[in-house]
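Student: Could you take me through a close look at one part of this structure, step by step? I would like to see how the pieces around it fit together.

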Amino acid sequence: MSIWFTEELHPYYRKGIRVKRVLADEQTQYQHLQLVETEFFGNAMILDGIIQLTERDNMGYHEMIVHVPMLAVGAPKRVLIVGGGDGGSLKQVLRYPSVTEAVVCELDQRVVDLSREYFAASFGDPWSDPRSKLLVRDAFGYLEENPGQFDVIISDTTDPIGMAERLFSDEFQKLVVRALVPGGAAATQCEQPYFDTALIKTIYQSAKALTKNPAYYYANIPTYPGGGIGFMYVSDTPWENGLKTPLPPGENQYINPEIHKAAFALPEFFRKELYG
């Protein structure tokens with residue numbers, strides 16, 4: 001018999017998906033980790049009661065958080081993914097022939113282990129690529145130890161709850177920018193315009209103080225609150241540079257040149273709040 005999983009990230013908003021069966025359910029050293037098979041969205045990962053990704057709609061998240069900064073840089077060689085233990089962002093990064101090393105700094109080994117088992121149909125096994133390097137550790141320390149090392153940094157994080165709150169701080173933004181090479185670019189998971197306006201404004205102001213061309217952009221993902229998620233592009237290099245760069249080899253399921261450009265067009269209420 002199928003059951004409904006109901007998520008309540010915000011006290012005034014709930015959403016639910018129908019679950020066919022539970023694939024894994026465990027308390028790791030850091031979080032409550034669940035893998036479930038759903039009726040429409042395929043396999044899904046849930047952390048501390050919040051949906052992180054599903055097979056059906058993860059492409060909007062992974063393709064947009066990766067390709068926007070990668071295309072802007074043009075031919076990135078060294079890439080850091082903060083979080084990203086599911087392997088979805090890593091798969092997209094490794095599509096670039098220019099990449100010589102992709103470092104994934106993931107706190108929870110079990111996220112990697114279970115994702116390799118239950119998301120292989122979507123992501124394959126990017127961890128077996130010789131260019132990939134997994135570090136099971138806190139990203140703060142790693143960023144502090146590696147200034148000026150990366151062409152692109154992808155902050156593929158959970159929501160700002162518990163330990164993850166630090167990944168939305170001014171301190172974290174400074175470490176990310178410090179770890180980039182000149183002209184490098186970063187993209188950070190940056191929540192939802194309707195529910196998280198104040199947080200996004202704070203992150204934008206921080207990014208604006210650190211780089212010349214920060215910008216917020218957006219993707220549609222039905223299983224996230226409000227039906228989508230935003231990202232903060234952080235760089236001295238204009239994001240528009242990426243519109244001139246061909247997408248890498250491999251199949252795209254979400255991004256195309258039109259989506260790439262349109263993602264930065266914001267609803268008027270939010271544009272006024274963010275940019276004034």
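Tutor: Happy to help; we will look at the salt bridges, starting from the sheet that carries some of them and ending with a helix and its neighbours. Keep in mind that this is a predicted model.

Let us begin with the sheet. Five strands form an open sheet in the order β1-β2-β3-β4-β5, and their pairing is antiparallel. At its edges are β1 (3-10) and β5 (50-54), each of which pairs on one side only. From one strand to the next, the twist averages 50°. Now pick out two neighbours inside this sheet. Strand β3 (residues 32-38) and strand β4 (residues 43-47) run antiparallel, with five bridges joining them. If you want a place to put your finger, find Leu33, which stands opposite Leu47 in β4.

With the sheet in view, we can turn to charge. Side chains of opposite charge can pair when their charged atoms come close. In this structure there are 14 salt bridges. A good one to start with is the pair Arg18 and Glu39, whose closest N and O atoms are 3.8 Å apart. Arg18 sits in strand β2 (residues 13-27), while Glu39 sits in the loop between β3 and β4, so this salt bridge ties together parts that are 21 residues apart in sequence. How open are the two partners? Arg18 has a relative accessible area of 30%, which makes it partly exposed. Glu39 is partly exposed too, at 47% relative accessibility.

Next, compare that with pairs inside a helix. Arg110 forms a salt bridge with Asp113, and here the closest N and O atoms are 3.4 Å apart. Both residues belong to helix α3 (residues 109-118), where they are three residues apart, about one turn of the helix. Arg110 is partly exposed at 31% relative accessibility, and Asp113 is partly exposed with a relative accessible area of 29%.

Helix α9 offers another example. There, Glu268 forms a salt bridge with Arg271, with 2.7 Å between the closest N and O atoms. These two are three residues apart in α9 (residues 268-275), so about one helical turn separates them. Glu268, with a relative accessible area of 42%, is partly exposed, and Arg271 counts as partly exposed at 30%. Salt bridges can also share partners: in this way Lys20, Arg21 and Glu37 are joined into one network.

Finally, let us move to helix α6 (residues 170-179) and look at what it hides. Its buried residues are Phe172, Gln173, Leu175, Val176, Val177 and Ala179. Among the elements that cover them are β6 (78-83), α5 (139-145), β9 (150-156), β10 (180-189), α7 (197-210) and β12 (228-235).

One of those neighbours, α7, deserves its own look. The helices α6 and α7 pack at an angle of about 35°, and their axes are 10 Å apart. The crossing of α6 past α7 is right-handed. On the α6 side, Asp170, Gln173, Lys174 and Val177 make the contact, and on the α7 side Ile203, Ser206, Ala207 and Leu210 do. Sorted by character, the residues of this contact are four nonpolar, two polar and two charged. Try finding Gln173 and Val177 in your view: both are on the list of buried residues of α6, and both take part in the contact with α7.

Technical notes. Residues are numbered from 1 along each chain as its sequence is written. This is a predicted model: local features need pLDDT of at least 70, side-chain atom pairs count only at pLDDT 80 or more; totals for chains, interfaces and linings use all residues. Side-chain values use heavy atoms; hydrogens and water are left out. Two strands pair if DSSP finds at least two bridges between them. Helices (H or I, at least four residues) and strands (E, at least two) are DSSP runs, numbered from the N terminus. Axes are lines fitted to C-alpha atoms, for helices over the stretch in contact, and angles run from 0 to 180 degrees between N-to-C directions. A salt bridge is a side-chain nitrogen of Lys or Arg within 4 Å of a carboxyl oxygen of Asp or Glu. Buried means under 20% relative accessible area, exposed over 50%, partly exposed in between (1.4 Å probe, protein chains only). Contact means heavy atoms within 4.5 Å. A crossing is left-handed if the near helix is turned anticlockwise from the far one by less than a right angle, and right-handed if clockwise. Ala, Val, Leu, Ile, Met, Phe, Trp, Tyr, Cys and Pro count as nonpolar, Asp, Glu, Lys and Arg as charged, and the others, Gly among them, as polar.
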